[in-house]
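Trainee: I am new to this structure and would like to learn how its labels are earned. Could you walk me through them?

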Amino acid sequence: MLENGERMGISEILVILIVAILVLGPDKLPDAIIQAAKLLKILKRNIDEAKSSIEKELRIDELKNETQKYKDELANANENIRKKLSFEEFDDLKKDILNKTKPTLTFDSSNEQTDTDTTQGEKKENV
């Protein structure tokens, strides 16, 4: 009867109402209209709930993708840090942390510490 995008005109609505009055009679027509309105309300609510559920699923999927992206970035950064630190430097850093001293975050900590020790020794001798 109706094709895509077309709406019912006033004449079509009047024909449907006349047929409904003839079939149902004037006594049952108000109850039928109320039942049809309730059915349409329930149908609309179910459609709205389905839309909401789909939108939530899409947001959850987007959050999962974003979380995976950040996880990959952190894993990549962690791998880069591990490649830069040698095992000896990592052990020195670990000892510094365990001794609750300020760790030196240089990649050549042994040379720097020796330089500071000799500088302090020279200062003591000069005094």
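Mentor: Gladly! Let us begin with a definition: accessible areas come from the Shrake-Rupley method with a 1.4 Å probe. On that basis the chain exposes about 12,200 Å², with carbon and sulfur atoms supplying 58% of it. Please keep in mind that this is a predicted model.

Trainee: What makes up the chain, in helices and strands?

Mentor: The chain has three helices and zero strands. Read along the sequence, the pattern is α-α-α. Helix α1 covers residues 10-84.

Trainee: How much of the chain do buried residues make up?

Mentor: Buried means under 20% relative accessible area. Of the 127 residues in the chain, 5% are buried.

Trainee: Why is the contact between Lys44 and Asp48 called a salt bridge?

Mentor: The rule asks for a side-chain nitrogen of Lys or Arg within 4 Å of a carboxyl oxygen of Asp or Glu. For Lys44 and Asp48 the N to O distance is 3.7 Å, which is within 4 Å, so the pair counts as a salt bridge. By this rule the count comes to one salt bridge. In general, side chains of opposite charge can pair when their charged atoms come close.

Trainee: How far apart are Lys44 and Asp48 along helix α1?

Mentor: They are four residues apart in helix α1, so about one helical turn separates Lys44 from Asp48.

Trainee: Why is Lys44 called exposed, but Asp48 partly exposed?

Mentor: Exposed means over 50% relative accessible area, and partly exposed lies between 20% and that value. Lys44 has 54%, so Lys44 counts as exposed. Asp48 has 37%, so Asp48 counts as partly exposed.

Trainee: What makes the patch formed by Glu57, Asp61, Glu62 and Glu66 negative?

Mentor: Asp and Glu count as negative, so the patch of Glu57, Asp61, Glu62 and Glu66 is a negative one. Patch residues must have over 30% relative accessible area. Glu66, in helix α1, has 41%, so Glu66 passes that cut-off while counting as partly exposed.

Trainee: Which residues form the nonpolar patch on the surface?

Mentor: Met8, Ile10, Ile13, Leu14, Ile16 and Leu17 form it, with about 550 Å² of accessible area together. One of them, Ile13, is found in helix α1. Ile13 is partly exposed because its relative accessible area is 39%.

Trainee: How do you know that Ile33 is partly exposed?

Mentor: Ile33, also placed in helix α1, has a relative accessible area of 49%, which is not over 50%, so Ile33 is partly exposed.

Definitions and conventions. Residues are numbered from 1 along each chain as its sequence is written. This is a predicted model: local features need pLDDT of at least 70, side-chain atom pairs count only at pLDDT 80 or more; totals for chains, interfaces and linings use all residues. Side-chain values use heavy atoms; hydrogens and water are left out. Patches are made of residues with over 30% relative accessible area and no salt bridge: like charges are joined within 9 Å, nonpolar side chains (Val, Leu, Ile, Met, Phe, Trp, Tyr) within 5 Å. The place of a charge is taken as NZ of Lys, CZ of Arg, CG of Asp or CD of Glu. Helices (H or I, at least four residues) and strands (E, at least two) are DSSP runs, numbered from the N terminus. Buried means under 20% relative accessible area, exposed over 50%, partly exposed in between (1.4 Å probe, protein chains only).
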